[in-house]
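Let's take a walk around a ligand and the protein that holds it. Please have a look at the model first, and then we can go through the surroundings together.

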Amino acid sequence: MSLIQHLINGELVNDSGRSADVYNPSTGQVIHQVPLASRETIQQAIDSAKAAFPAWRNTPAAKRAQVMFRFKQLLEQNEARISQLISEEHGKTLEDAAGELKRGIENVEYACSAPEILKGEYSRNVGPNIDAWSDFQPLGVVAGITPFNFPAMVPLWMYPLAIVCGNCFILKPSERDPSSTLLIAQLLQEAGLPKGVLSVVHGDKGAVDALIEAPEVKALSFVGSTPIAEYIYSEATKRGKRVQALGGAKNHAVLMPDADLDNAVSALMGAAYGSCGERCMAISVAVCVGDQVADALIAKLVPQIKALKIGAGTTCGLDMGPLVTGQARDKVSGYIEDGVSSGAELVVDGRGLSIAGNEEGFFLGGSLFDRVTPEMRIYKEEIFGPVLCVVRVSSLEAAMQLINDHEYGNGTCIFTRDGEAARLFCDEIEVGMVGVNVPLPVPVAYHSFGGWKRSLFGDLHAYGPDGVRFYTRRKAITQRWPQRASHEASQFAFPSL
Ligand code: NAD
């Protein structure tokens, strides 16, 4: 068993304080210890970031982008190694791990366009001999706190853009699967990033509170569950920080009577059960418009759910690995029990699955509920496991009302061949990311990612153009160069043309 280290000021450092277990969820065994940073360790990271900031902010954007070009190449060269680490600690399949890394690399590619995205805005002759421009300047030391379910992609949503905008970044990854996150940060160091520009500190609430309370930290990006997102948003904004805090989700897929059902079923299988349902964009509710659609959907889903190939994530060619921890598996099992006792019809029960050779792993099979209603806990709360709930409604309007009434508004999609229905859905649904015949509408890196309602606290979405705005502040400069011979008299009225 090895001890994972922090990365501070370009060096791997130990921590003498508390630590936590990191599991391989496929075997159920503890494979590493991760340190839980003390306030002193967090301060060390902040001090190194502060010291690195003046030189980094003055490094030309094109030079900062060159580091990101080399980083992208290193990430691609190390894809197999990174995927293996993700799979070993998270449990997702190797193919899924490689997929999240590729989506993360898209954000590095976007960051490579730093000279273009930081060009600013310029207006000549806004008044006599006066020019004006807006400059987008870095904030200084900024920090990110990330969840377990995308240990590569979600950190890559944050720091490539923050850093290329001229900031220094402190990352506090999930303590449940920190190894791939650390390796990726080391690759950025290897790509030529100056020491102190990026630090990785492991930890729990103590580390997060230290970042919230540190006056040197100017902005916080958070991705995780809603209660923690809300806590971080309120505590950090109270201290004058800029915050974007992305929270949990309950994503609905609407199936219209005219949908291409076979394709919708294929899409739903991946979106509901891929990564064991541990995705913030996972589809966890299928809203069927009409009983006929519901009956046909269930008839097609059941054999496919029962045929899911489940095993150790590091085995190639599987559909699903284990849940991340024993606690996560037990929580999902508890929701299944709750659904049964509240009257939902459990059509497929994934509990009690044992994988030969991996009997201690944190496995669950896929589960399917029918006749779920809005007051049930399995409908209201985020289960974050391989459980799909079918809700039956009579019209598109009723489906949309259901979605709009839900407290979360991260992602949603509609399966239909009817352009009018799709257009109405896109216009009026109160959700931040919408798919039309696309089950996981995760925006590409040059758009931005974010939910509505209690899926996001803050104004700006993650990465893309909103990310640039989040990690920079606007300075508007108005400059006059009078002509030599001219003399301008005092003007006591408010200046105007
Ligand atoms: P989590 O909220 O438990 O943890 C997220 C981060 O917060 C971790 O780094 C953790 O160490 C830290 N943390 C945990 N408890 C804390 C506390 N009391 N005070 C301060 N910090 C604390 O989330 P998770 O279980 O790692 O991830 C799953 C959740 O993340 C799900 O709810 C999922 O929907 C959400 N998620 C959302 C998005 C999105 O973009 N909206 C993306 C991925 C995951």
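Start with the character of the shell around the ligand: 13 of its residues are nonpolar, nine are polar and five are charged. Keep in mind as you look that this is a predicted model. In total, 27 residues surround the ligand, and the closest are K172, E175, S225, G247 and E382.

Now step back to see where these residues come from. Domain 1 (2-247 + 455-477) and domain 2 (251-436) each supply at least three residues to the shell around the ligand.

Next, zoom in on the polar atoms. G247, already met among the closest residues, has a polar backbone atom 2.8 Å from a nitrogen atom of the ligand. The side chain of R176 places an N or O atom 2.9 Å from a ligand oxygen, while for F148 a backbone N or O atom lies 3.1 Å from an oxygen atom of the ligand. Taken alone, the ligand exposes 840 Å², and the protein buries 89% of that.

Finally, look at the site as a whole: the ligand sits in the largest pocket. Helix 8 (205-213) and strand 11 (217-223) are the elements that give two or more residues to the shell around the ligand.

Notes: Residues are numbered from 1 along each chain as its sequence is written. This is a predicted model: local features need pLDDT of at least 70, side-chain atom pairs count only at pLDDT 80 or more; totals for chains, interfaces and linings use all residues. Side-chain values use heavy atoms; hydrogens and water are left out. A residue is near a molecule or strand if one of its heavy atoms lies within 4 Å of it. A polar contact is a pair of N or O atoms within 3.5 Å; within protein, one must be able to donate a hydrogen and the other to accept it, and residues adjacent in sequence count only if both atoms are side-chain atoms. Accessible areas come from the Shrake-Rupley method with a 1.4 Å probe; for residues, only the protein chains shown count as cover. On a 1 Å grid over the protein atoms alone, a cavity is a set of points where a 1.4 Å probe fits but cannot get out, and a pocket is an open set with protein on both sides within 12 Å along at least five of seven lines; lining residues have an atom within 4 Å of a point. A molecule sits in a cavity or pocket if more than half of its atoms lie within 2 Å of its grid points. Helices (H or I, at least four residues) and strands (E, at least two) are DSSP runs, numbered from the N terminus. Ala, Val, Leu, Ile, Met, Phe, Trp, Tyr, Cys and Pro count as nonpolar, Asp, Glu, Lys and Arg as charged, and the others, Gly among them, as polar. Domain bounds come from an automatic or database domain assignment.
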